[in-house]
Amino acid sequence: MKKKNWICLALALMMSLGLLGCTPGASAPSTPPSGSSGAPQGGGQEDDLPKGSIVLKITSVCGAEGQHPFGNTCVAFEKRVEEESNGVIDVQVYPNSQLGNERELYEGMLSGDVEMFYGGSMVLGNFTNKVKFWGLPFFFSSGRQACLEFFDTYGEQLQKDIYDEIGLYCIWTDNGAFQPASQFEIKTPADMAGLKLRCHEIDTFIKGYEALGAAPVPMAFGEIYTGLQQGTINGTHTNDVLLESNKFYEVCNYYASNINITYDMGVTGISGAWFDQLPEKYQEIVWRNAQLFSQEFNANLVEWEQMIDKRLQEECGVTFTVYTPAQRQAFIDVVQPVYEEFKSSGIEPKFDEYYAAAQELNQKHEQ
């Protein structure tokens, strides 16, 4: 598709959908960030495609409808895409790690075997360095608003950089605050001693928890519950939605509710290997509805959090530990060597700029 046509079409779509001037974190680029040459050329013939001839598998490690915002948001996405394509696009929803763990799903998108995905961005760090810096502990220490406003400023360039490097389209989508759920309460950094905590196999996560005195244990998502039951681990790095939807609360009674060790800007990902070969009009349908998926997921996530936080405390018996800024700062002070090591590594050339911007936003939105 020619760049000029994409831009005109996208602006018209955004105006009709009321997406111009949208709230922080709900925005997405008006066109796929396909590098200096503009959006990808549509491939193949558009007319007379039989129903179901384009398969779009959308998948996640997260739960189905009624279990997690992913499943709920997929319902409207599937309906819209199939209706707007007159049935040519067959949307197939695979929740609950049915197609693999997050690393396998990212690999599938890069190869074109998986068309679309929702999940966290940290595992993406196995394929590009561009996402690693916000996995540093407490990078967005004040939580959601700091993260969303940061991505309003830097998100589109990061999307372009990632596409240029690995051919993956990323629409940034809220993934919530991740912090320890554990079998004992954590009030100070000293309480981290003895914590065997599942986390992703990501350097910034592992080094951050090691600096805090915990013993991080890389483990596949599907193994967490059994690991907690058997004592292989006694805590997990999670958000409140996953804590509830996967019933981790049955084996973890304490949750560090607002410590904000990691605020993750997640990914609604589209395989470039698949998308770039679609006829133009089907690219437009998929791209516009992927943007809507991201926006609707963000709204669903906030609503879901409010509902399940109450349930976790009142019905499931989970103790939510709440931290003041001063209490959180005690943890932040301990992990500063991790920042120094990351900066000296040169992994992210723009780190100083990103860190200064995040610090300013953290101060603006300090809880």
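A residue is called buried when its relative accessible area is under 20% and exposed when that area is over 50%, with partly exposed in between. Keep that in mind while looking around this predicted model.

## The whole chain

Let's start with the big picture. The protein chain has 12 helices and 10 strands. It is 367 residues long, and 56% of them count as buried. About 14900 Å² of the chain is exposed, with carbon and sulfur atoms supplying 48% of that area.

The fold also brings together parts that are well separated along the sequence. Take the contacts between residues at least 6 apart in sequence: 77% of them join residues at least 24 apart.

Then there's the inside. The largest nonpolar core holds 107 residues, and the members that touch the most others are Trp134, Phe140 and Trp172. Helix 9 gives this core its largest share, 11 residues.

## Helix 5 and its two strands

Now for helix 5, which covers residues 203-211 and has Thr204, Phe205, Ile206, Gly208 and Tyr209 as its buried residues. What do these buried residues pack against? The list includes five strands' worth of neighbours and a helix: strand 4 (168-182), strand 5 (196-199), strand 6 (215-218), strand 7 (235-238), strand 9 (262-271) and helix 11 (336-345).

Two of those neighbours form a unit with the helix: strand 5, helix 5 and strand 6 make a right-handed β-α-β unit. The two strands of the unit pair with each other in the parallel sense, over four bridges. If you'd like to find one spot in that pairing, look for Cys199, which stands opposite Pro218 in strand 6. After helix 5 comes Gly213, with a positive phi near 100°.

## Strand 9, covered on both sides

Strand 9 is one of the elements that helix 5 packs against. How many of its residues are buried? The count is 10 of 10. One side shows Thr262, Asp264, Gly266, Thr268 and Ile270, while the other shows Tyr263, Met265, Val267, Gly269 and Ser271, and both sides are covered.

Strand 9 has pairing partners too. With strand 3 (residues 116-119), the pairing is antiparallel and runs over four bridges; here Tyr118 sits opposite Thr268. With strand 4, the pairing is again antiparallel, this time over nine bridges, and Cys170 has Gly269 as its bridge partner.

## Along helix 9

Helix 9, the one with the largest share of the core, spans residues 280-314. An α-helix has 3.6 residues a turn, so residues three or four places apart point the same way. Let's walk along part of this helix.

Lys281 belongs to helix 9. Is Lys281 buried or partly exposed? Its relative accessible area is 36%, which lies between the 20% and 50% limits, so Lys281 counts as partly exposed. Its C-alpha is 8.7 Å from that of Ser85, although the two residues are 196 apart in sequence.

Ile285 is in helix 9 as well, and this one is buried because its relative accessibility is 6%, under the 20% limit. Leaving out neighbours within four places in sequence, Ile285 is in contact with Val81, Glu84, Ser85 and Ile89. Ile285 and Arg80 are 205 residues apart in sequence, yet their C-alpha atoms are 8.9 Å apart.

Asn289 is another helix 9 residue. Why does Asn289 count as buried? Its relative accessibility is 0%, so it falls under the 20% limit. Setting aside residues up to four places away in sequence, Asn289 touches Phe77, Arg80, Val81 and Glu84. Its side chain also makes a polar contact of 3.1 Å with the side chain of Glu84.

## Two residues with positive phi

Phe138 and Lys247 each have a positive phi without being a glycine. Here they are side by side:

| Residue | Phi | Loop | Relative accessible area |
|---|---|---|---|
| Phe138 | near 70° | between strand 3 and helix 4 (144-166) | 2% |
| Lys247 | about 60° | between helix 7 (240-245) and strand 8 (254-256) | 44% |

Phe138 is buried, whereas Lys247 is partly exposed.

Conventions
Residues are numbered from 1 along each chain as its sequence is written. This is a predicted model: local features need pLDDT of at least 70, side-chain atom pairs count only at pLDDT 80 or more; totals for chains, interfaces and linings use all residues. Side-chain values use heavy atoms; hydrogens and water are left out. Buried means under 20% relative accessible area, exposed over 50%, partly exposed in between (1.4 Å probe, protein chains only). Contact means heavy atoms within 4.5 Å. Accessible areas come from the Shrake-Rupley method with a 1.4 Å probe; for residues, only the protein chains shown count as cover. A nonpolar core is a set of buried Ala, Val, Leu, Ile, Met, Phe, Trp, Tyr and Cys residues joined through side-chain atoms within 4.5 Å. Two strands pair if DSSP finds at least two bridges between them. A crossover is right-handed if, with the strands pointing away from the viewer, the path from the first strand over the helix to the second runs clockwise. A polar contact is a pair of N or O atoms within 3.5 Å; within protein, one must be able to donate a hydrogen and the other to accept it, and residues adjacent in sequence count only if both atoms are side-chain atoms.
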